[in-house]
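Visitor: Could you take me on a close look at one part of this model, beginning with its aromatic rings and following the trail from there? I would like the geometry behind each step.

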Amino acid sequence: MDNLKNVLREGRAFLGVSLSEEQEERILLFVRLLNEANRSLNLTGFKTEEDILVEGILDSLTALALEDLVFVGESLLDVGTGGGIPGIPLKIARPSLKLTMVEATAKKCRFLETTLRALGLEDVDVLCERAETLAHHPSLRERFDLVTARALGSLREVLELTTPFLRCGGLAFYYKGREAEKEVEEARKALEVLHCSVRTLQEVAIPFRSRKTTLVLVEKKAPTPPSYPRRPGIPKKRPL
Ligand code: SAH
């Protein structure tokens with residue numbers, strides 16, 4: 001555990017993120033809980049605590065480098081959160097965020113509820129339903145300042161699943177890899193149909209790893225046409 005704590009300390013310093021002792025302890029507890037439940041619930045592809053910490057949690061925190069986002073008092077929706085990534089690390093680092101997490105699989109939602117209690121995180125909602133369905137609910141549609149998704153699908157697919165939740169003028173940020181530019185190119189029609197535009201692509205180095213994450217920042221310009229998102233499964237099967 002001590003070693004893990006050093007990795008966290010060095011890693012967050014590398015990213016320029018400051019955390020209190022209590023926030024660090026919460027992150028390390030989250031790593032342990034994710035690792036324990038991982039095998040039975042298939043929460044993440046990462047096999048070791050260090051990989052969960054570096055590739056899952058520190059990767060989540062790269063978004064704190066985005067200058068256009070303040071992460072203070074804003075409402076954030078994390079769609080397809082799985083075991084709580086990136087939502088939970090961002091909420092630990094920026095406690096004033098009003099976090100809502102969407103996850104379609106019931107057993108993952110149960111893990112999220114237990115984990116939020118264990119971490120003492122308040123003001124977080126877990127919605128156990130597909131995004132395609134929730135996005136048509138008036139209390140959720142166009143209600144969020146920020147939306148995000150990580151490892152949920154291609155950009156064009158994820159845009160349809162997430163931007164309907166965003167208020168006009170709100171911002172979406174997506175965690176992408178080397179293919180980010182190609183995905184943006186392929187999402188041209190989706191961006192047009194959904195009245196969104198890409199503001200920036202920002203590459204952030206991941207501590208202790210050679211790979212980089214590309215954060216794609218998208219702005220919503222006008223309301224989403226009522227027919228989007230299409231029925232469950234269609235955004236993936238026939239992406240815009
Ligand atoms: N964001 C997490 C998990 C990625 S796996 C991480 O980075 O580790 C994608 C998750 O999205 C899975 O848990 C899956 O159950 C969920 N999911 C996939 N499609 C969804 C949809 N349409 N609505 C809600 N959740 C969805």
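Guide: Gladly! F173 and Y175 are both buried, and since this is a predicted model, please read everything that follows in that light. Together with F71, these two residues make up a cluster linked by ring pairs.

How many aromatic pairs are there? The count is three. One of them joins F144 and F165, whose ring centres lie 6.5 Å apart with the planes at 75°; planes over 60 degrees apart count as edge-to-face, so this pair belongs there. F144 sits in strand β4 (residues 144–150), while F165 is in the loop between α7 (155–162) and β5 (166–176), so the pair links distant parts of the chain, 21 residues apart. Both F144 and F165 are buried. Back at our starting point, the rings of F173 and Y175 have centres 6.0 Å apart and planes at 65°, so they too form an edge-to-face pair.

From Y175 we can step across to a neighbouring strand, because opposite Y175 stands L215 in β7. β5 and β7 run antiparallel and are joined by six bridges. Strand β7 (residues 212–220) is mostly covered, with eight of its nine residues buried. β7 also pairs with strand β6 (residues 196–205), again in the antiparallel sense, and here there are nine bridges. β6 and β7 form a hairpin with six residues between them, and in the turn F208 has a positive phi of about 65°. Where β6 begins, at residue 196, C196 stands opposite K220 in β7.

C196 brings us to the cysteines. Its sulfur is the closest cysteine sulfur to that of C168, yet the two are 8.9 Å apart; a disulfide needs the sulfur atoms within 2.5 Å, so this is too far for a bond. C168 is partly exposed, with a relative accessible area of 36%. Across the whole structure there are zero disulfides. Another cysteine, C109, has a relative accessible area of 5%; buried means under 20%, so C109 qualifies.

C109 is a good way into helix α5. What is buried in α5? K108, C109, F111, L112, T115, L116 and L119 are. Looking down the axis of α5, these buried residues fall within an arc of 155°, so they line one face of the helix. In general, an α-helix has 3.6 residues a turn, so residues three or four places apart point the same way. On the face of α5 turned away from the buried side you will find the exposed residues R110 and R117. The cover over the buried residues includes α2 (21–41), α4 (87–93), β2 (98–102) and β3 (124–127).

The length of α5 can be checked too: at 1.5 Å a residue, its 14 residues (106–119) should span 20 Å, and the end C-alpha atoms are indeed 20 Å apart, so the two agree. After α5 comes G120, whose phi is positive, near 65°.

One last stop is H136, in the loop between α6 (131–134) and β4. H136 is partly exposed, with a relative accessible area of 36%. Setting aside neighbours within four places in sequence, H136 is in contact with R141, P226, S227, Y228 and P229.

Methods: Residues are numbered from 1 along each chain as its sequence is written. This is a predicted model: local features need pLDDT of at least 70, side-chain atom pairs count only at pLDDT 80 or more; totals for chains, interfaces and linings use all residues. Side-chain values use heavy atoms; hydrogens and water are left out. Helices (H or I, at least four residues) and strands (E, at least two) are DSSP runs, numbered from the N terminus. The expected span of a helix is 1.5 Å times one less than its number of residues. Buried means under 20% relative accessible area, exposed over 50%, partly exposed in between (1.4 Å probe, protein chains only). The arc is that of the directions from the helix axis to the C-beta atoms. Contact means heavy atoms within 4.5 Å. Rings of Phe, Tyr and Trp (its six-membered ring) pair if their centres lie within 6.5 Å; planes under 30 degrees apart count as stacked, over 60 as edge-to-face and the rest as tilted. Two strands pair if DSSP finds at least two bridges between them.
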